[in-house]
Amino acid sequence: MQSLLDLRQIEAFNLSIKKEMAKALLNMGYGHFGGCLSVTETLACLYGRYLKHDPANPKMQDRDLFVLSKGHAGPALYATLALRGFFDIEWLKTINGNGTNLPSHADMNKTPGVDITTGSLGQGISCAAGMAAGSESTVYTIVGDGELQEGQCWEAAQFAAHHKLSNLVVFVDNNKRQLDGYIDEIQASFDLREKFASFGFNAIDVDGKSVEAICAAIETAQAETERPTAIILDTEKGQGMPTVEAIEANHHLRLDDNLRAAIEADIAMLEQKIEELK
């Protein structure tokens, strides 16, 4: 089992996930930078302190389970798993390559530490609800705000609340953007906390850029015994890397020489911050 990290260590872990994920996508020359960067704080909190797991025994029977419903953020999960020791960090250089164990979207049949294959948006939250219904372990899932336009998500939410799945925690990456633009221009989400609460969830609004706030919300969720919990993360697509944040259409980027140099500068900034936290 991994040791639990304190808040300073979790923040350093978060920045390291961003760094390693960005390096891997630089190596590819393209990738889902925006939506990967907006979930790293949550991944750092889960894998740094709260998710019961053992990299030496990824299939441990009584482990907690994690479902990355927004499967295109797979590189962020891969960087997290590599840094926690599920596999060699050199694997990150092979993301989406021929014969890789790290395909573009997370695959339970290829990657140690991945509990279920995801990527077809809208389905992961249903998988997570079913897993929670059949297990005493805590099941955590991250869904995208654009993904919640899929009706299946709300069928799963109603199922989870009806069955009082207090061992289910749904994180919503509310980064305000999806593939085609801004959520409010495509199909407004309205108040996500109110929507989940109306479906019977314990629903919490949280600063998704703060590992301290996310940790506090997870502890609130763990204390809940009657309802599933939805943690609505107020995030920014591309957060933590100024170059990516500044690009409006940053869902998926293909790198030219100028953009590559700017992202390399952001990585150097992250490395400096990590050193300052040591």
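Here a trainee and a mentor talk through some helices and strands of a predicted model.

Mentor: Welcome! This is a predicted model, in which local features need pLDDT of at least 70 and side-chain atom pairs count only at pLDDT 80 or more, while totals for chains, interfaces and linings use all residues. Residues are numbered from 1 along each chain as its sequence is written, and side-chain values use heavy atoms, with hydrogens and water left out.

Trainee: Why is Ala161 called buried or exposed?

Mentor: Buried means under 20% relative accessible area, exposed means over 50%, and partly exposed lies in between, with a 1.4 Å probe and protein chains only. Ala161 has a relative accessible area of 16%, so it is buried. Ala161 belongs to helix 6 (residues 151-162); helices are DSSP runs of H or I with at least four residues, strands are runs of E with at least two, and both are numbered from the N terminus.

Trainee: Which residues is Ala161 in contact with, leaving aside its neighbours within four places in sequence?

Mentor: They are Phe199, Gly200, Phe201 and Pro228, where contact means heavy atoms within 4.5 Å. Phe199 is 38 residues from Ala161 in sequence, and the two are 6.7 Å apart, C-alpha to C-alpha.

Trainee: What makes helix 3 largely enclosed by the rest of the structure?

Mentor: The count of buried residues: 10 of its 11 residues are buried, so helix 3 is largely enclosed. Among them are Leu43, Ala44, Cys45 and Leu46. Helix 4 (residues 74-84) is mostly covered too, with 10 of its 11 residues buried. Those buried residues of helix 4 pack against helix 1, helix 2 (33-37), helix 3 and strand 2.

Trainee: Why are helix 3 and helix 9 called oblique to each other?

Mentor: Angles run from 0 to 180 degrees between N-to-C directions, and axes are lines fitted to C-alpha atoms, for helices over the stretch in contact. Under 35 degrees counts as roughly parallel, over 145 as roughly antiparallel, 65 to 115 as roughly perpendicular, and the rest as oblique. Helix 3 (residues 40-50) and helix 9 (residues 211-223) pack at about 55°, with axes 9 Å apart. The pair is therefore oblique. Helix 3 contributes Glu41, Thr42, Cys45, Leu46, Arg49 and Tyr50 to this contact, and helix 9 contributes Val211, Ile214, Cys215, Ile218, Glu219 and Gln222.

Trainee: How do you know that helix 1 and helix 3 are oblique to each other?

Mentor: Helix 1 (residues 7-28) packs on helix 3 at about 125°, with the axes 8 Å apart. That angle falls in none of the named ranges, so the two are oblique. Residues meeting here include Leu7, Ile10 and Phe13 of helix 1 and Leu43, Ala44 and Cys45 of helix 3.

Trainee: How do you know that strand 2 and strand 3 pair?

Mentor: Two strands pair if DSSP finds at least two bridges between them. Strand 2 and strand 3 (residues 139-144) run parallel and are joined by 4 bridges. Leu65 has Val139 as its bridge partner, and Leu68 stands opposite Ile142.

Trainee: What makes strand 2 and strand 7 edges of the sheet?

Mentor: The open sheet has 5 strands in the order 2-3-4-8-7, paired in parallel. Strand 2 and strand 7 (202-207) each have a single partner strand, so one side of each lacks a neighbour in the sheet. Helix 3 packs on this sheet, touching strand 2, strand 3, strand 4 (168-174) and strand 8 (229-234).
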